Amino acid sequence: MAIHASMLPVMTLTAPSPPADWDPEREYRIFKLPQPCETVAVEPVGSAFMGVARRHVHKRTLEEDLAIEEALLEVEAEDSEMEEDEPETPALLRSDPLKWKTQDHYAILGLSKKRWRATDEQIKRAYRKKVLKHHPDKKAAKKGKINDDSFFKCIQKAWEILGDPVKRRQWDSIDPKFDDVYKNVKKGDFFDVFSEAVEREGRFSKRQPVPPLGTIDATREEIEAFYEFWRNFDSWRTFEMLDEDDIENCESREEKRMLERRNRSARAKRKKEDNARLQKFVDQMLKADPRISKIREEEKAAKEAKKREKEEAIRLAQEEIRKKEEEERKLREAEEALEKQRLEVEKKDREAKKKLIRKEKKTIRGLIKDRNYFLPSSASVSDLDAQLQKVDNLLDLMAFEDLETFRKNLEFRSAGPSSAAEELFDKELERFLNIVAKKKEEADSAKALQDKEYQLDQERKALLKQKLPWSPKEIAILIKAVKMFPGGTINRWETIAEYVNLHGGEDDETEATRQYRQRSSDDCIKKSKEIQLGGAGDRNRLQATQIKKHTADVADSPTKMERENQQPEAGGNPAKANGDATTTKDTVAQQPPTVSTPPAKAAPANTSTAAGAVATAAVAEWSALQQTALEEALRKFSASMFKENPADRWDKIAEFVPGKSKKDVKLRVKELADMVKKKKTAA
């Protein structure tokens, strides 16, 4: 459409006024004079007109057209900064959008070289570049390809996956171009091969940053930290993209849940296989790492060095022991040599002393012989023999010093009258005979004392073999033990005997008395049999005695129990007297003695009677051997020896008397003292 010149608006332009400091007189220069206006034709063209025409041809809305044009403008603006486009093979261009799970999305966007290293910005620009190139609008002008948008749909799917961080991670987990097979490397290629492998595998780690492989000069701490990280590698790899069952097209909820369980099971299996692959990768890397070989060699060398040091220490210790033994041997030999020398010197001294003794004896015999052995000339041969025997005895009793002194005195007295020498001889003989007699008396006394001690020891040993009579407390403990350990108990009578030995003694019982009081299983069976054959009343009284612990005076007449203890054959069961009661251990074990509880009113009377029996038995049960031992102990441990601690005296006496306690000894001494007082009073 043409526009007439008269329709154009007329614009009047007024030049601005000059500035205030402008001087018209100053020199100025004119560049160009104003020209007259020209008339031109105006048509409806421009971006707005083109947008309307474009929307009309492609049947787009305003929003769709603005979005596409904005993308194209951005691509054209960044086109100079983008790398060259990767070549698109015919096979890639023929990609089927329905098989998007098997296609390479990085290759679709031209990022097959960068792949997982591509940033989000690079993916976005690659997508826009592909859109600019393969947009259906761009292909509309090409003949025969107006409706061919399959590859463009592949681009859209690639952007849908790689543009979403979650979906991109899922795709990277199953990247078909990811090489997870590592063959054995040659020596020297370890760092070249595994550095890139560690980088590829490390991108799957949840913990970042991943420690680098390092170099051959890495420290041991760095190497250990590196392998510790890979041993505990935590991968984020998932395998949702490999799900065979599509849950979006399920017809029912049950079918969807079943397919979800199947997919989860398949993912868990693939995850397990991937973890095993990672461990295999770490083992292969550990095996090929030259630094590990170096560390092992260093450890082996250190171990060998430590072993050599230990062997050297042992060798030095053995050498030190050998030197010490050698020094001790030399010292011992030197001591033995000195001891031998000393013994030789002592032997020589003894020999010399013997010679001197023989010389002194010979001299003394000569002096005595010169005096006719201090006998008259008319002495008989028997008298001479007797005198010679006296001389020999005297000289044998004298030591060297005595012989020397006696010789000197004898020589001195020999110069005077013969009676003086004879008097000296008689005096010395008498003195030495007295010494010999005294020594013999002391030896006889010591031997007599030793014989007496031996006799007392034999008597004590004989008492050890004897069995002390059963005390009322022991009988009560036996009855209690029979009830505590009924028939069927393992090692019943051995257990009962042990219980009686442990609890049957008095409170002040000595160790010697406890040894004399030991009861065997046979003793317990025999006593249990006697109690069973006895009356139930006696058993009740014995138990009441131990429970009540009443004290009573000594009864003048023996009780029924005392009579039975003193005369068991006379007062026993007729069947026992005839020898019919042959009860074995098993029989007694099957029939344990039973004790019936006496009536409450009769208990005090029975208890008092039993207590009297106990007191009487305690005083009366003294054998002749025990009485002799008591008298000997009273003489041996006199009261004057224990003025500071008189109580210790009774402890010593009780230890000396077999089978009696300190309390028994005191009661016996008191009883004997009362008997002596009664005799003195009666007299």
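Begin by selecting Cys 154, a buried residue with a relative accessible area of 0%. The model on display is a predicted one. Next select Cys 524, which also counts as buried, at 0% relative accessibility. With both cysteines in view, one may ask how many disulfides the structure has; the count comes to 0. For orientation, a disulfide is a covalent bond between the sulfur atoms of two cysteines.

**The whole chain**

Now zoom out and colour the chain by secondary structure. The display should show 28 helices and 0 strands. Of the 683 residues in the chain, 29% are buried. The exposed area of the chain is about 47800 Å², and carbon and sulfur atoms supply 53% of that area. Among contacts with a separation of 6 or more, 71% join residues 24 or more positions apart.

**The largest nonpolar core**

Select Ile 108, Leu 109, Leu 111, Ile 123, Ile 155, Leu 162 and Trp 171. These residues touch the most other members of the largest nonpolar core, which has 22 residues. Which elements give two or more residues to this core? They are α4 (105-108), α5 (120-134) and α7 (150-162). Helix α7 gives the most, with 7 residues.

Centre the view on Leu 162 and display its surroundings. Leaving aside residues up to four places away in sequence, Leu 162 touches His 105, Tyr 106, Leu 109, Ile 123, Arg 168 and Trp 171. Apart from this core lies another, of 21 residues, which includes Phe 226, Tyr 227, Trp 230 and Phe 281. As a general background, nonpolar side chains in soluble globular proteins tend to be buried together.

**Aromatic residues**

Next, select Phe 194, Phe 226, Tyr 227, Phe 229, Trp 230, Phe 233 and Phe 281, which form one aromatic cluster.

Across the whole structure, a search finds 12 aromatic pairs. One of them joins Phe 204 and Trp 236 in an edge-to-face arrangement, 5.2 Å centre to centre and with 65° between the planes. Why does this pair tie together separate parts of the chain? Phe 204 lies in the loop between α9 (190-202) and α10 (220-231), whereas Trp 236 lies in the loop between α10 and α11 (253-288), so the pair connects parts that are 32 residues apart in sequence. Phe 204 is buried, with a relative accessible area of 1%, and Trp 236 counts as buried at 11% relative accessibility.

Move on to Phe 637 and Phe 656, an edge-to-face aromatic pair with 6.2 Å centre to centre and 75° between the planes. This pair links distant parts of the chain: Phe 637 is in the loop between α26 and α27 (646-656), and Phe 656 is in helix α27, 19 residues apart. Are these two residues buried or exposed? Both Phe 637 and Phe 656 are buried.

**Two helices to finish**

Select residues 624-636 to display helix α26. This helix has 13 residues and reaches 18 Å from its first C-alpha to its last, close to the 18 Å expected at 1.5 Å a residue. Its buried residues are Gln 626, Gln 627, Ala 629, Leu 630, Glu 632 and Ala 633. When viewing such a pattern, recall that an α-helix has 3.6 residues a turn, so residues three or four places apart point the same way.

Finally, select residues 521-533, which form helix α19. Here, too, 13 residues reach 18 Å from the first C-alpha to the last, close to the 18 Å expected at 1.5 Å a residue. The buried residues in α19 are Ser 521, Asp 523, Cys 524, Ile 525, Lys 527, Ser 528, Lys 529 and Ile 531.

Methods
Residues are numbered from 1 along each chain as its sequence is written. This is a predicted model: local features need pLDDT of at least 70, side-chain atom pairs count only at pLDDT 80 or more; totals for chains, interfaces and linings use all residues. Side-chain values use heavy atoms; hydrogens and water are left out. Helices (H or I, at least four residues) and strands (E, at least two) are DSSP runs, numbered from the N terminus. Buried means under 20% relative accessible area, exposed over 50%, partly exposed in between (1.4 Å probe, protein chains only). Contact means heavy atoms within 4.5 Å. Accessible areas come from the Shrake-Rupley method with a 1.4 Å probe; for residues, only the protein chains shown count as cover. The expected span of a helix is 1.5 Å times one less than its number of residues. A disulfide is a pair of cysteine sulfur atoms within 2.5 Å. A nonpolar core is a set of buried Ala, Val, Leu, Ile, Met, Phe, Trp, Tyr and Cys residues joined through side-chain atoms within 4.5 Å. Rings of Phe, Tyr and Trp (its six-membered ring) pair if their centres lie within 6.5 Å; planes under 30 degrees apart count as stacked, over 60 as edge-to-face and the rest as tilted.
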